Amino acid sequence: MLAFCIRRIAQAVAVMLVVGLIAFALFRFVGDPVVFMLGQDATPEDRARMNAELGLDQPFHLQYARFVGRALQGEFGLSLRQLRPVSTLFRERLPATLELAVAAALFALAVGIPMGVYAALQRRSWLTQAFLVLSLVGVALPTFLIGILLILVFAVQLGWLPSFGRGETVALGAWSTGLLTASGLKALILPAITLGLYQMTLIMRLTRAEMLEVLRTDYIRFARARGLTDRAVYFRHGLYNTLVPVITVAGLQLGSIIAFAIITETVFQWPGMGLLFIQSVMFADVPVMAAYLCLIALVFVVINFVVDLLYHAVDPRLRLELAAAR
Amino acid sequence: MTRLAAFLDSDLAWSFRHSPVTVVAAIVAVVSIVGAIGAPLFAPHDPFDLAKLDLLDAFAPPAWFDQGKAMFLLGTDDQGRDVFSTILYGTRISLAVGVASVVLSMVLGTGLGLLAGYVGGVLDAIIMRVADVQLSFPAILIALLINGLARIAWPDAAHAGIAFWVIVLSIGLSGWVQYARTVRGSTLVEARKEYVQAARVIGRHPLAIMFRHVLPNVTGPVLVIATIHLATAITTEATLSFLGVGMPPTTPSLGTLIRIGNDFLFSGEWWITVFPGVALVTLVLSVNLLGDWLRDALNPRLR
């Protein structure tokens, strides 16, 4: 187990170093940072002094090491567009994205699992057919279009919910939350549904497939033979065993949710990190892009690592394979 | 028996005829594609000829509304462009980007997959490690990053004709992994077969063996992936354009049209957004259904 952990950590670190190298190459070779900071008409002496100050006259590997060192402390320099430290920008915007992502994930689970269970238990019902068609359309409908349609119906036509922004936020120390005000909660509804809809259809189909599989097994038949009620058979025995793979996939999808938040945040002008990132792509704001790249890579690497460990803990067959390989 | 008759008699044609959903999807897809390719022929107006645009025509609702004009079936946008015509032209661009990206992914992925599977060793390890890492990130994120890099490299990418190739590059490079993995797997199986060993014994060049002998036998799964990938590529293109880092408004794709229309959602001109959206979803859904059918029809285990 320890060897497995160490190997996976080494892999994760390697991935992060490669991503860091790409980010650093962005920094170093795309555009001249000295020109950015001093302007076009600085004297050669000024440039040479700035070069030395920034350490740009050192060899490449030393510069990279310095970059990694600073990145580990969360320092990525100044945003070229806003002229403020990237770390400050991220700290301001992280709460918005995390609240949105968690709300979307909860929505996907809370709606997707019951729908999937229903679709598995009532296979011939018209509602099940409707769910399945919905999931097909949900796959073909791009995230941004879902957002636009929701805005059109609930914000423009009905006027029930706000169409952009976070509403009022309350500061809890460094964390600004929209969850404690009525307008903040109202503003969260449409973006969370937009972001979670695709994952919801995914979870629904997965729950249905797993549930159908489980209901065919012998222990369910024995549970019935013991005279347990339908309720106990379906929910105590069936659903429990369905949930393991469903939760795993949901966990793996968390990274995708954060990535797809870029789109949802653009549609709803949600002041999170995704919006910051897309603006940095548009304006070629290299430090922000590099920092976002590193951060999102970290999220994915951590999620994959945790899932691998969980699989390892849950599935004894993997451990046997490992022992056999040795 | 002629070739056509042989094809109509094949398993593939039989399964096609017996799946009504697939037939409908195919008709919808063909209509979209023909309409898009022949846009200059079918479009009632030329939306990009500035001389023919009249701002007095702007914001006309669809023809069946009271203020609608019969000559603008689906209404007009803020510049007086006919929405139906822009959709035809937009579908053309969306399809062009989609097909070009799929071809790029396919060529790159199939080539690397063949190399990895046939040569093996360190090359295989490197290619597959890169594939693993790339696969753990969503394709849209990779496409966005490549797009950002390209924008920095060519600062005028937003306006010029480069935009098209920047998008093709970002979508194409983000999608090769699927092809490479599948082709590598099939190549490993094929490489052990006798015909490959025979070719090796008579001294054919490894590249010739890979591309002349192995490649034709691994194309089935590649075709399936390409069809489903086309749907994804069109969606990704639309998303990039909607985010403002895709096709410029002067040569709009469906995604750009939706982005333009989005600005007028609040003043009640919903048709500028909704109709391109419907066109996009119909196209993607039909291509997706065709891909699903092809996958099942070519899978011998499901027969």
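This is a short dialogue on reading burial, contacts and helices in a predicted model.

Biologist: Happy to start simple. How many helices and strands does chain B have?

Modeller: Chain B has 14 helices and 0 strands. Read along the sequence, its pattern is accordingly α-α-α-α-α-α-α-α-α-α-α-α-α-α.

Biologist: And what share of chain B is buried?

Modeller: Of the 303 residues in chain B, 46% are buried. You can also ask how far apart in sequence the contacting residues are. Taking contacts in chain B between residues at least 6 apart in sequence, 68% join residues at least 24 apart.

Biologist: Let's try one residue. Where is B:Gly148 placed, and why does B:Gly148 count as buried?

Modeller: A residue is buried if 20 or more other C-beta atoms lie within 10 Å of its own. B:Gly148 has 26 C-beta neighbours inside 10 Å, so it counts as buried. Its place is in helix α7 of chain B, residues 139-153.

Biologist: Which residues is B:Gly148 in contact with, leaving aside neighbours within four places in sequence?

Modeller: Those are A:Val281 and A:Met289. For a distance within chain B, take B:Val166: it is 18 residues from B:Gly148 in sequence, and their C-alpha atoms are 9.5 Å apart.

Biologist: Good. Now the nonpolar core: which residues have the most contacts inside the largest one?

Modeller: The largest nonpolar core has 148 residues, and those with the most contacts inside it include A:Leu100, A:Ala104, A:Tyr292 and B:Ala180. Pick A:Ala104 and look beyond its neighbours within four places in sequence: A:Ala104 is in contact with A:Ala192, A:Leu195, A:Gly196 and A:Ile257.

Key. Residues are numbered from 1 along each chain as its sequence is written. Chains are lettered from A and ligands numbered from 1 in the order in which they are written. This is a predicted model: local features need pLDDT of at least 70, side-chain atom pairs count only at pLDDT 80 or more; totals for chains, interfaces and linings use all residues. A nonpolar core is a set of buried Ala, Val, Leu, Ile, Met, Phe, Trp, Tyr and Cys residues joined through C-beta atoms within 7 Å. A residue is buried if 20 or more other C-beta atoms lie within 10 Å of its own, exposed if 12 or fewer, and partly exposed in between; C-beta atoms are placed from the backbone. Two residues are in contact if their C-beta atoms, placed from the backbone, lie within 7 Å. Helices (H or I, at least four residues) and strands (E, at least two) are DSSP runs, numbered from the N terminus.
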